[in-house]
Amino acid sequence: MKFFIDTANLDQIREANALGILDGVTTNPSLMAKEGIKGNEAVLQHYRNICEIVEGDISAEVLGTDFNTIIEEGKVLAALHPNIVVKVPMIKDGVKAIKWFTDNGIKTNCTLIFSAGQAILAAKAGATYVSPFIGRIDDSGWDGMQLISQISSIYAVQGFKSQILAASIRNANHIIDCAEAGAHVITSPLDPILGLLKHPLTDIGLAKFLEDAKKM
Ligand code: E4P
């Protein structure tokens, strides 16, 4: 399972990358705004900066909602760096655009997936990645992990090539459950990734070893 970090914060991207387990980055307009990135040129430069830090797929989201605008924006984003993946929302023109990008050799991440039907459409259009938002599904009283399992079964039965990119991760258990449910990729903020490190018995065991080492 690949690990992406879900942030536009360069320090956090550097910290995750330094762990040596990072395979890519996802961003979205909310995450870019949170970092105070304003204006088209600043946004494009920020994507270039991220590509300089991480050797892996970097999702950059289009803002247009009609076919022509999505295509024009996507071409500009894809030209920034060979590792850019154009992130396109799950809307009718988004599906059409994903098919166009697929036919023209541009990688895509279909975002805002909340149902198996949407995941099937995105896969049919040839999306490289399909992003179900599990945390937001949990927040709304449904079961995000159940959707990951369902999409995983459908893709296996049908032989779809799209990778399931579990998004909207809220905690370390989400990452573990995604691994079990068949997600090909998780994209997570830094804290849940670091949360995987933690176990109280590790801390107790290490303290004891270090204490006994003094007697060696
Ligand atoms: C996915 O690519 C999105 O950026 C992200 O995972 C959304 O997560 P949120 O629900 O925490 O905003």
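Me: Which residues are around the ligand, and what makes them count?

Reply: A residue counts if one of its heavy atoms lies within 4 Å of the molecule. Asp6, Thr26, Asn28, Lys87, Phe133, Arg136, Ala167, Ser168 and Arg170 are the residues around the ligand. The model is predicted: local features need pLDDT of at least 70, side-chain atom pairs count only at pLDDT 80 or more, and totals for chains, interfaces and linings use all residues. Residues are numbered from 1 along each chain as its sequence is written, and side-chain values use heavy atoms, with hydrogens and water left out.

Me: How many residues of this shell are nonpolar, polar and charged?

Reply: The shell has two nonpolar, three polar and four charged residues. Asp, Glu, Lys and Arg count as charged, so Asp6, Lys87, Arg136 and Arg170 belong to the charged group.

Me: Why is the approach of Asp6 to the ligand called a polar contact?

Reply: The term requires a pair of N or O atoms within 3.5 Å. A polar side-chain atom of Asp6 lies 2.7 Å from a ligand oxygen, so the pair meets the cut-off. In Asn28, a side-chain N or O atom is 2.7 Å from an oxygen atom of the ligand. For Arg136 the distance from a side-chain N or O atom to a ligand oxygen is 2.7 Å. The protein covers 85% of the 340 Å² of accessible area (Shrake-Rupley, 1.4 Å probe) that the ligand has on its own.

Me: Where does the ligand sit, and what makes that the right word?

Reply: The ligand sits in the second largest pocket. To sit there, more than half of a molecule's atoms must lie within 2 Å of the pocket's grid points. This pocket has a volume of about 230 Å³. Its lining has 16 residues, with Asp6, Asn28, Leu31, Arg136 and Ser168 closest to the centre. Six of the lining residues are nonpolar, six polar and four charged.

Me: What lines the largest pocket?

Reply: A pocket is an open set of points on a 1 Å grid where a 1.4 Å probe fits, with protein on both sides within 12 Å along at least five of seven lines; lining residues have an atom within 4 Å of a point. Fifteen residues line the largest pocket, and Asn40, Val43, Glu61, Leu63 and Glu73 lie nearest its centre. The volume is about 270 Å³. Helix 2 (29–34), helix 3 (40–53) and helix 4 (67–78) each supply at least two lining residues; helix 3 gives the most, with four. The lining divides into 10 nonpolar, three polar and two charged residues.

Technical notes:
A polar contact is a pair of N or O atoms within 3.5 Å; within protein, one must be able to donate a hydrogen and the other to accept it, and residues adjacent in sequence count only if both atoms are side-chain atoms. Grid points are joined across faces, edges and corners, and a volume is the space filled by probe spheres set on the points.
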